Each structure stands twice: as structure tokens, then as C-alpha cells.
Amino acid sequence: MGSRYNILFLCTGNSARSIMAEAILNRKGKPNFTAYSAGSHPTGKVRPEALKQLELAHLSTEGLRSKDWSEFAQPGAPRLDFVFTVCDNAAKEVCPVWPGQPMTAHWGVPDPAAVAGTPEQIEKAFREAFMILDRRISLLLCLPLASLDKLAIKKELDRIGRQ
């Protein structure tokens with residue numbers, strides 16, 4: 001593995017979890033990581049509750065948009081080193097063929113956008129999803145990727161996804 005890594009976070013709608021993961025990693029992973037997000041069936045808009053969580057954490061929301069995962073399978077797309085699914089639905093779908101055969105892992109997070117209830121309950125669901133993603137990304141950033149072989153990295157990524 002190299003010293004610069006491109007990571008794609010996938011979810012069905014690309015409106016909350018994958019968007020938050022993209023913003024978290026782009027802040028915490030500088031300069032060695034660049035994060036992207038996409039969805040198999042993007043909603044076309046980012047959930048305001050997800051943007052609120054990012055703003056509360058003082059993370060940039062600039063450039064965040066809901067987009068189709070096919071953008072990353074096109075010629076000229078960034079070469080991906082890792083692809084993480086953050087929702088169970090996307091993990092079950094047939095993904096495009098990613099150039100460069102990136103390493104994959106499933107980091108399922110409960111869908112805060114599916115929560116119905118009071119505004120406080122909805123905000124709590126988005127906060128909890130943010131915290132799970134933030135913790136997992138912090139664990140990823142602690143891995144000595146340059147000194148691990150692919151099998152060891154895959155084992156660690158899967159372990160992080162179960163945390």
C-alpha cells in the first residue's frame with residue numbers, strides 16, 4: 001500500500017451516513033486520505049440533519065452532494081484504494097467494477113434518515129450515526145497501513161466495521 005489513499009463511502013441514498021463519513025475523513029485524514037461518497041440510488045440532496053451534525057463538529061460541508069456511485073467507475077475517476085459500505089442495503093447490492101480493485105469492507109451504521117419521531121429523537125439518531133462513523137474513522141487512521149499486508153488490513157477493516 002502507498003502513503004496516499006482514496007476512500008469511497010457508499011450508501012443507498014448518499015444523503016446522510018456516507019456524506020458524514022466523507023466529511024469526517026477529509027478533515028481527520030489530511031493529507032494522506034481523500035474521501036468521497038456516493039449512492040446506488042442517490043436522493044439528490046443531502047439531509048439537513050447530516051449537515052447540522054457536520055457544522056456542530058466544525059467540519060466543512062462545502063462541495064458535499066448526493067451523487068451516483070457510477071461516477072467513480074468512469075474513466076478519469078479517482079483511483080480508489082478502499083470502498084466502505086455504511087448501510088446494509090448497499091452492502092447487498094451488486095456494485096460497479098471499481099478501477100484498481102480497491103479493498104472493501106462493510107461498516108454498517110443504523111440509518112438515521114429512517115427514524116421517525118420527535119425532532120429530538122431524529123437529531124439523536126443523526127448524532128449517534130456521526131459518532132459511530134467518527135470512531136471508526138479514527139480507528140482506521142490509527143492503522144499502520146504502509147506496514148501491513150493486504151490480508152492484515154482486510155482483517156482490521158472488518159474488525160473496525162464490527163465495533
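Reader: Hey, what covers the buried residues of α1?

Author: The cover includes two strands, β1 (5–11) and β2 (33–39), and two helices, α2 (48–56) and α4 (119–142). Buried means under 20% relative accessible area, exposed over 50%, and partly exposed in between, with a 1.4 Å probe and protein chains only. Helices (H or I, at least four residues) and strands (E, at least two) are DSSP runs, numbered from the N terminus.

Reader: And what kind of model am I looking at?

Author: This is a predicted model, where local features need pLDDT of at least 70 and side-chain atom pairs count only at pLDDT 80 or more, while totals for chains, interfaces and linings use all residues. Residues are numbered from 1 along each chain as its sequence is written, and side-chain values use heavy atoms, with hydrogens and water left out.

Reader: Back to α1, then. How many of its residues are buried?

Author: 9 of the 12 residues in α1 are buried, so "mostly covered" is a fair label. Among them are Arg17, Ile19, Met20, Ile24 and Leu25.

Reader: Where does α1 sit in the sequence, and what distance does it reach?

Author: Helix α1 takes up residues 17–28 and reaches 16 Å from its first C-alpha to its last, close to the expected 16 Å. That expected span is 1.5 Å times one less than the number of residues.

Reader: OK, new topic: the sheet. Which order do the strands have?

Author: The order is β2-β1-β3-β4, in an open sheet of 4 strands with parallel pairing. Two strands pair if DSSP finds at least two bridges between them. β2 and β4 (103–106) are at the edges with a single partner strand each, so one side of each has no neighbour in the sheet. From one strand to the next, the twist averages 20°.

Reader: And which strands does α1 touch?

Author: α1 packs on the sheet and touches β1 and β2, with its direction at about 170° to that of β2. Helix α5 (residues 150–162) packs on the sheet too, but touches β3 and β4, and its direction makes about 20° with that of β4. Touching rests on contact, meaning heavy atoms within 4.5 Å. The axes are lines fitted to C-alpha atoms, for helices over the stretch in contact, and angles run from 0 to 180 degrees between N-to-C directions.

Reader: How many bridges join β1 to β3?

Author: 4 bridges join β1 to β3 (residues 82–85), in parallel. For instance, leucine 10 has threonine 85 of β3 as its bridge partner. On β2, β1 pairs over 7 bridges, also in the parallel sense, and there isoleucine 7 stands opposite alanine 35.

Reader: How does the chain cross from β1 to β2?

Author: The path goes through α1, and this β-α-β crossover is right-handed. That word applies if, with the strands pointing away from the viewer, the path from the first strand over the helix to the second runs clockwise.

Reader: What comes up in the loop between α1 and β2?

Author: Proline 31 is in that loop. A cis peptide bond joins proline 31 to lysine 30, with omega about -5°. In general, most peptide bonds are trans, and most residues other than glycine have a negative phi.

Reader: Which residue in the loop between β1 and α1 has a positive phi?

Author: That's asparagine 14, in the loop between β1 and α1, where phi is near 45°. Histidine 58, in the loop between α2 and β3, has a positive phi of about 60° and isn't a glycine either.

Reader: Is asparagine 14 buried or exposed? And histidine 58?

Author: Asparagine 14 is buried, at a relative accessible area of 1%. Histidine 58 counts as exposed, at 64% relative accessibility.

Reader: Last one: how many helices and strands are in the whole chain?

Author: The chain has 5 helices and 4 strands, running β-α-β-α-β-α-β-α-α from the N terminus. The radius of gyration is 15 Å, close to the 15 Å from the globule rule for 163 residues, so the chain is as compact as a globular protein of that length. This radius is taken over C-alpha atoms, and the rule is 2.2 Å times the number of residues to the power 0.38. Of the 163 residues, 43% count as buried.
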